[in-house]
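Below are my comments on the model, set out as numbered points. Please read them with the coordinates open.

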Amino acid sequence: NTGVHGDLSRIQVTLEPDRPSLRVQLFHTASLSCCYSATRGAVETTWFISIQTVNGTSAPQGVDRRDNRVTVDGGNLMAAGVMCHTLILRKARLNDSGLYQCFLNHSALRHSVYTHGTFLQVYRPMVKILDISESTKNRILAAEGMLLMVVVLLHGTMMLCKTNKLNQLKKKRVKNEDNIYEGLNLEECCSTNDLIQRSLVQGPNQDVGNMIIEEEIPGEALNERGEEKRVGEE
């Protein structure tokens, strides 16, 4: 997590890990810090911000200390010889979002050094359409639960009533079918049915036989009358 930068014979600087990111609500205060340790005391520290542009490029630029919202301390010496610098940004704006780094410089350093940095994100909070308390939310949820229960019970009751009605109609239909056969003599029904079936089977043959008999009877009657007439004449 630590690194040695500016390998010099006179001053050696070791960077301490910075906070990677920080989210701050719009118009709130942001506190950023960078820490390092040097073999020969403190070095000159300047805060820079890198803002990413539309085309994806970014270039560090110095934080405007003339802004009355910005406060930069002179550094605090911590344990084990670690020096920390803090930047306070009050009433943060959306365009304050970016990567904040400390630029370390000293005449004894061959190369200047940037700290790891912290990315500051300033966000706009979501606006509540209905600003209600938690107790009111709980009452609304309880009312929704009761309403849902009533709907389920009402639907179940309607289905039960519909089923009972269908069962009653079915029983009434069966009862009406049983009433059709009440008061009928089964023996008469059977004999009548037998006659109907017998007529359907034997009907055509009986009609032909009757026609033959009817045709024979008139001939025989004429012969008998002729014989009677002859006997009378004699």
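1. In which helix do E134 and K137 both lie, and how many residues apart are they? The model is a predicted one, and in it the two residues belong to helix α1, with a spacing of three residues, or about one turn of the helix. Their side chains form a salt bridge in which the closest N and O atoms are 3.6 Å apart. E134 has a relative accessible area of 54% and is therefore exposed, the cut-off being over 50%. K137, at 31%, is partly exposed.

2. The pair in α1 belongs to a total of four salt bridges in the structure. Side chains of opposite charge can pair when their charged atoms come close. Another of these contacts joins R66 to D64, with an N to O distance of 3.1 Å. R66 is exposed at 75% relative accessible area, while D64 is partly exposed at 37%.

3. R69 forms a salt bridge with D67, and here the closest N and O atoms are 3.0 Å apart. Is R69 buried or exposed? Its relative accessible area is 8%, so R69 counts as buried, the limit being under 20%. The R69 contact is also part of something wider: D67, R69 and D96 are linked in a network of salt bridges.

4. Next, the largest pocket. Rolling a probe the size of a water molecule over the atoms shows where empty space is left. The largest pocket holds about 220 Å³ of space. It is lined by 14 residues, and those closest to its centre are I49, V63, D64, D96 and Y100. Three elements give two or more residues to this lining: β5 (44–52), β6 (58–62) and β9 (82–89). By class, the lining has seven nonpolar, three polar and four charged residues.

5. Two residues from the salt-bridge points return in the pocket. D64, the partner of R66, is among the residues closest to the pocket centre. D96, which is linked with D67 and R69 in the network, is also among the residues closest to that centre. Anyone preparing this region should look at the charged contacts and the lining together.

6. Which residues make up the nonpolar surface patch of about 440 Å²? The patch is made by I129, L130, I132 and I140. Of these, I132 sits in the loop between β12 (118–123) and α1 (134–180). At a relative accessible area of 32%, I132 is partly exposed; patch members need over 30%, so I132 passes that cut-off.

7. Backbone angles deserve a check at two positions. F27 is a residue other than glycine with a positive phi, near 70 degrees. F27 is placed in the loop between β3 (21–25) and β4 (30–38), and its relative accessible area of 59% makes it exposed.

8. The second position is K91, which is not a glycine either and has a positive phi of about 50 degrees. K91 belongs to the loop between β9 and β10 (98–105). With 57% relative accessibility, K91 counts as exposed. Strand β9, at one end of this loop, is also one of the elements that give two or more residues to the pocket lining.

Methods
Residues are numbered from 1 along each chain as its sequence is written. This is a predicted model: local features need pLDDT of at least 70, side-chain atom pairs count only at pLDDT 80 or more; totals for chains, interfaces and linings use all residues. Side-chain values use heavy atoms; hydrogens and water are left out. Patches are made of residues with over 30% relative accessible area and no salt bridge: like charges are joined within 9 Å, nonpolar side chains (Val, Leu, Ile, Met, Phe, Trp, Tyr) within 5 Å. Accessible areas come from the Shrake-Rupley method with a 1.4 Å probe; for residues, only the protein chains shown count as cover. Helices (H or I, at least four residues) and strands (E, at least two) are DSSP runs, numbered from the N terminus. Buried means under 20% relative accessible area, exposed over 50%, partly exposed in between (1.4 Å probe, protein chains only). On a 1 Å grid over the protein atoms alone, a cavity is a set of points where a 1.4 Å probe fits but cannot get out, and a pocket is an open set with protein on both sides within 12 Å along at least five of seven lines; lining residues have an atom within 4 Å of a point. Grid points are joined across faces, edges and corners, and a volume is the space filled by probe spheres set on the points. Ala, Val, Leu, Ile, Met, Phe, Trp, Tyr, Cys and Pro count as nonpolar, Asp, Glu, Lys and Arg as charged, and the others, Gly among them, as polar.
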